[in-house]
Amino acid sequence: MLGFFRSRAGHAWSAINTYREVLVADLGFWMARVRLADLLESLRQWDDAVREREEALALRPDDPRLRYDLGTTLAIAACSYSKATRTK
């Protein structure tokens, strides 16, 4: 909950640290991984966001929403990387 409130208050990095602390205590807390991935995406931390989405999906492999979210993150990351390489 604290991570959520920190995020809503605009303290993304503080919220990220909170979610990471939660995951140290409980690696199986899939929703913390989802929220962490959301925050990482908002900061364009694509590799970390993809990793967290993959971990969440590994914990709940039958959840279609998690599969969809991973696909969306991968697509956005690919577009972002493509744009970055074209502008160099």
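These legends describe close-up views of a predicted model.

**View 1. Helix α4 has a buried side and an exposed side.**
Helix α4 runs over residues 46–59. It has 14 residues. From its first C-alpha to its last, α4 reaches 20 Å, close to the 20 Å expected at 1.5 Å a residue. Seen along α4, W46, A49, V50, E52, R53, A56 and L57 are buried. They share the same side of α4, because they cover an arc of only 165° around the axis. On the other side of α4, D47 and A58 are exposed.

**View 2. R44 sits in a loop with a positive phi.**
The loop lies between α3 (30–42) and α4 (46–59). In this loop, R44 has a phi of about 60°. Most residues other than glycine have a negative phi. R44 is not a glycine, yet its phi is positive. Is R44 buried or exposed? R44 counts as exposed, because its relative accessibility is 58% and the cut-off for exposed is over 50%.

**View 3. A salt bridge joins D38 to R53.**
The closest N and O atoms of D38 and R53 are 2.5 Å apart. D38 belongs to helix α3 and R53 to helix α4, so the pair ties together parts that are 15 residues apart in sequence. The two partners differ in accessibility: D38 is partly exposed, with a relative accessible area of 33%, whereas R53 is buried at 6%. This bridge involves D38 and R53, and a search of the whole structure finds seven salt bridges.

**View 4. A salt bridge links R51 and D48 in helix α4.**
Here the closest N and O atoms are 2.1 Å apart. R51 and D48 are three residues apart in α4, which means that about one helical turn separates them. An α-helix has 3.6 residues a turn, so residues three or four places apart point the same way. R51 is partly exposed, at 42% relative accessibility. D48 is partly exposed too, at 22%. Which residues form a network of salt bridges here? R20, D48 and R51 are linked in one.

**View 5. Helix α5 holds a salt bridge between R65 and D69.**
The distance is 3.1 Å, N to O. Both residues lie in α5, which covers residues 64–86. R65 and D69 are four residues apart, about one turn of the helix. R65 counts as exposed, at 52% relative accessibility. D69 counts as buried, at 13%.

**View 6. R60 lies over the face of W30.**
R60 is 4.2 Å from the ring centre of W30. How many aromatic pairs does a search of the whole structure find? The search finds zero.

**View 7. The largest nonpolar core has ten residues.**
Its members are A12, A15, I16, Y19, L23, A32, L36, L39, L40 and A49. Helices α2 (12–25) and α3 each supply at least two residues of this core. Which helix gives the largest share? That is α2, with five residues. A49 of this core also appears among the buried residues of α4.

How values were computed. Residues are numbered from 1 along each chain as its sequence is written. This is a predicted model: local features need pLDDT of at least 70, side-chain atom pairs count only at pLDDT 80 or more; totals for chains, interfaces and linings use all residues. Side-chain values use heavy atoms; hydrogens and water are left out. Buried means under 20% relative accessible area, exposed over 50%, partly exposed in between (1.4 Å probe, protein chains only). The expected span of a helix is 1.5 Å times one less than its number of residues. The arc is that of the directions from the helix axis to the C-beta atoms. A salt bridge is a side-chain nitrogen of Lys or Arg within 4 Å of a carboxyl oxygen of Asp or Glu. Rings of Phe, Tyr and Trp (its six-membered ring) pair if their centres lie within 6.5 Å; planes under 30 degrees apart count as stacked, over 60 as edge-to-face and the rest as tilted. A charge sits over a ring if NZ of Lys or CZ of Arg is within 6 Å of the ring centre and within 35 degrees of the ring normal. A nonpolar core is a set of buried Ala, Val, Leu, Ile, Met, Phe, Trp, Tyr and Cys residues joined through side-chain atoms within 4.5 Å.
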